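Open the model in your viewer and keep the sequence panel in sight. The stops below say what to select and what is there.

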Amino acid sequence: MKRASIGIGSHRRLALSEKRLPYLLTLPSLLTIFGVLIIPILYSLFLSVHNLVLSSRTYEFVGLKHYIAMFSDKSFLNSIWQTLVFTVLSVAAEMVLGVGVALVLNQEFKGRGFVRGLMILPWALPGVVNAIMWQWIFNANYGVFNALLTQLGVIDSYQVWLAKPTSAFICVWVANVWKETPYVVLLTIAALANISRDLYEAAAIDGCSSFQTLYKVIVPMLMPALVSCALFQFMWSCNDFMGPLLYVSTPGKYPMSLFVKLSMDGDTGFAWNKILALSLISILPQLIVFFCAQDQFVEGISAGAVKG
């Protein structure tokens, strides 16, 4: 009886340790996330509702004063609108172009591997390098874009594309789409590789056309990967760094993205408490989109559609 009780006790301890093992394995990652992400956000939230008196190192609670000041600022509201428009247009263009190019590169043709390798180049280049390159392309004095349009007879003289509200916005949008589309292409190609050839054969036997195969077979199978990819593109477009580098000259004269306004306010000595409030507000759209699409996002991760 004694040996039996010892055996039962050991089995219970083993089962208990197995239940605790997943928590123990994930604990280091959770502590790291808590230390580098959660604590700074909570501290920023604390500072955004306080005024710090530097002379006495004391905090004065002001409540939602800084947030009210933000939403009372017309330039801030305009920046939110510009950011949303820029993000939606960028993600839409990147997803459509990326999926289209991926479907073409998924076909068998000579030199396919070389072309696929070239596709990653825009995405692999640093953001600053991309920004300088597009500054040169759209330059008002010697830009390639002006030279091309002049040779084609579209314009009579060189234009200052980066100094006008609408054209500057389009230039930034084009630069962002050019840089981020290869990422969509790569992930879509990876997801296409996971689709069984049997599904294509079954669709052909059923008499499906190419469009019907795309609509009824390929797109449903790609949906988890596409949703995950779109979520990443949404977050990256919201935090695009090329905006401040491409919005040159006098940014105050035309609409700015939220990230550009945040950068400019920080450089011009704007109240840092309001900067913290602005930074917290800027992440809200990303959190909302993430929580709305988290099931598809996790499914895409599980399927190996999103890597790196």
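Start by colouring the whole chain by pLDDT. This is a predicted model, and its mean pLDDT is 75, with 73% of residues reaching 70 or more. Select helix α7, residues 144–152, where confidence is highest, at a mean of 90. Then move to helix α11, residues 242–246, where confidence is lowest, at a mean of 50.

Next, select residues 244–255. The pLDDT stays under 50 throughout this stretch, for which the model has 29 contacts beyond four places in sequence. Now take residues 266–270, where the pLDDT is also below 50; this stretch has 4 contacts in the model beyond near neighbours in sequence. Where pLDDT is low, the predicted coordinates should not be read in detail.

Switch to a cartoon of the whole protein. There are 14 helices and 2 strands. Of the contacts with a separation of 6 or more, 66% join residues 24 or more positions apart. Of the 308 residues, 35% count as buried.

For a buried position, select S90 in helix α3, which covers residues 74–105. S90 counts as buried because its relative accessible area is 0%, and the cut-off for buried is under 20%. Show what surrounds S90: leaving aside neighbours within four places in sequence, it is in contact with W173, N176, V177 and S237.

Now show side chains for R112 and E108. How many salt bridges does the structure hold? There is 1, and the side chains of R112 and E108 form a salt bridge, 3.6 Å from N to O. Side chains of opposite charge can pair when their charged atoms come close. Check the surroundings of each partner: R112 is buried, at 18% relative accessible area, whereas E108 is exposed, at 67%.

Finally, turn on the surface. The accessible surface of the protein comes to about 18600 Å², and 69% of that belongs to carbon and sulfur atoms. Select I33, F34, V36, L37, I38, I39, I41, L42 and L45 together. These residues form a nonpolar surface patch, with about 770 Å² of accessible area together.

Within the patch, pick L37, which lies in helix α1, residues 2–48. Why does L37 count as partly exposed? Its relative accessible area is 43%, and partly exposed is the class between the cut-offs of 20% and 50%.

Note on methods: Residues numbered from 1 in each chain as written. Predicted model: local features only at pLDDT ≥ 70, side-chain atom pairs only at ≥ 80, totals over all residues. Heavy atoms only, no water. Patch = residues over 30% accessible without salt bridge, like charges linked within 9 Å, V, L, I, M, F, W, Y side chains within 5 Å. Areas by Shrake-Rupley, 256 points an atom, 1.4 Å probe, with all protein chains shown as cover. Salt bridge = Lys/Arg side-chain N within 4 Å of Asp/Glu carboxyl O. Helix = DSSP H or I, 4+ residues; strand = E, 2+ residues; numbered from the N terminus. Buried < 20%, exposed > 50% of the residue type's maximum accessible area, 1.4 Å probe, protein only. pLDDT = per-residue confidence, 0-100. Contact = heavy atoms within 4.5 Å.
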